[in-house]
Amino acid sequence: MENQKVGWATVAFADYVKHGHDAEHLIAVIVSTWEAVDQAMRPVIGRGGVDALFHRSVDVTAASYPWMSAVLPDAQPVLALETLRNVLSKQEPAHFAAASDALLRQFHHLLANLIGLSLTKRLLRSVLDSLLESLAKKDI
């Protein structure tokens with residue numbers, strides 16, 4: 001996942017929200033992105049690794065978006081995607097878009113520190129490309 005693409009995701013989230021597109025669809029795109037991250041990373045760092053990085057990413061993101069701490073049920077380090085969906089749906093679109101971007105950036109940063117930037121880019125490139133494609137579609 002290249003920094004340019006991550007930056008583009010920020011702009012895409014903000015633009016999507018600014019133009020009043022369906023918040024539920026954006027939440028679905030965000031959750032499906034995390035499902036794709038899980039599928040891409042689990043063979044490399046295992047379920048426990050993905051869960052731990054997600055948990056830490058939520059912890060760090062919650063410093064700026066305190067309501068994000070509700071994503072972690074009982075403080076268990078799991079990729080709680082249905083909980084993520086529910087927590088995002090209770091927020092204003094601009095807030096959940098910004099928090100989702102921060103969460104994705106934090107995960108990318110932690111993963112790059114763990115396995116290196118080059119491998120991180122290779123493993124997550126298709127995930128981010130899919131996210132950007134979903135957001136760029138005119139019919140969403």
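Phe107 is buried in this predicted model, with a relative accessible area of 1%. Trp34 is likewise buried, at a relative accessible area of 2%. A search of the whole structure finds three aromatic pairs. In one of them, Trp34 and Phe107 meet edge-to-face, with 5.2 Å from centre to centre and 85 degrees between the planes. This pair links distant parts of the chain, since Trp34 lies in helix 2 and Phe107 in helix 4, 73 residues apart. Another pair is formed by Tyr65 and Trp67, whose ring centres are 6.2 Å apart. The planes of Tyr65 and Trp67 stand at 70 degrees, over the 60 degrees required, so this pair is also edge-to-face. Phe54 joins Trp34 and Phe107 in one aromatic cluster.

The protein contains five helices and zero strands, and its elements follow the order α-α-α-α-α from the N terminus on. Of its 140 residues, 41% are buried. Contacts between residues at least 6 apart in sequence were also examined, and 72% of these join residues at least 24 apart.

Helix 2, which covers residues 23–61, departs from a straight course. With 39 residues, a straight helix would reach 57 Å at 1.5 Å a residue, but the end C-alpha atoms of helix 2 are only 20 Å apart. A bend of about 115 degrees is found in helix 2 at Ile45. Helix 4, residues 93–115, gives a different result in the same comparison. Its 23 residues should span 33 Å at 1.5 Å a residue, and the end C-alpha atoms of helix 4 are 33 Å apart, so the two values agree.

Helix 2 also holds Ala36. At 25% relative accessibility, Ala36 is not under the 20% limit for buried residues and therefore counts as partly exposed. The C-alpha atom of Ala36 is 6.0 Å from that of Val127, although the two residues are 91 apart in sequence.

Helix 3 comprises residues 81–89, and its buried residues are Leu81, Leu84, Val87 and Leu88. Because these residues cover an arc of only 120 degrees around the axis, they lie on the same side of helix 3. The buried residues of helix 3 pack against helix 2 and helix 4.

Beyond the end of helix 4, the chain continues with Gly116, which has a positive phi, near 100 degrees. Helix 5 then covers residues 117–136 and includes Thr120. The relative accessible area of Thr120 is 0%, so this residue is buried. The side chain of Thr120 reaches back to the backbone oxygen of Gly116, at a distance of 2.7 Å. Gly116 thus appears in two of the local features described here, as the residue following helix 4 and as the partner of the Thr120 side chain.

Terms used:
Residues are numbered from 1 along each chain as its sequence is written. This is a predicted model: local features need pLDDT of at least 70, side-chain atom pairs count only at pLDDT 80 or more; totals for chains, interfaces and linings use all residues. Side-chain values use heavy atoms; hydrogens and water are left out. Buried means under 20% relative accessible area, exposed over 50%, partly exposed in between (1.4 Å probe, protein chains only). Helices (H or I, at least four residues) and strands (E, at least two) are DSSP runs, numbered from the N terminus. The arc is that of the directions from the helix axis to the C-beta atoms. Contact means heavy atoms within 4.5 Å. A polar contact is a pair of N or O atoms within 3.5 Å; within protein, one must be able to donate a hydrogen and the other to accept it, and residues adjacent in sequence count only if both atoms are side-chain atoms. Rings of Phe, Tyr and Trp (its six-membered ring) pair if their centres lie within 6.5 Å; planes under 30 degrees apart count as stacked, over 60 as edge-to-face and the rest as tilted. The expected span of a helix is 1.5 Å times one less than its number of residues. The bend at a residue is the angle between axes fitted to the seven residues ending there and the seven starting there.
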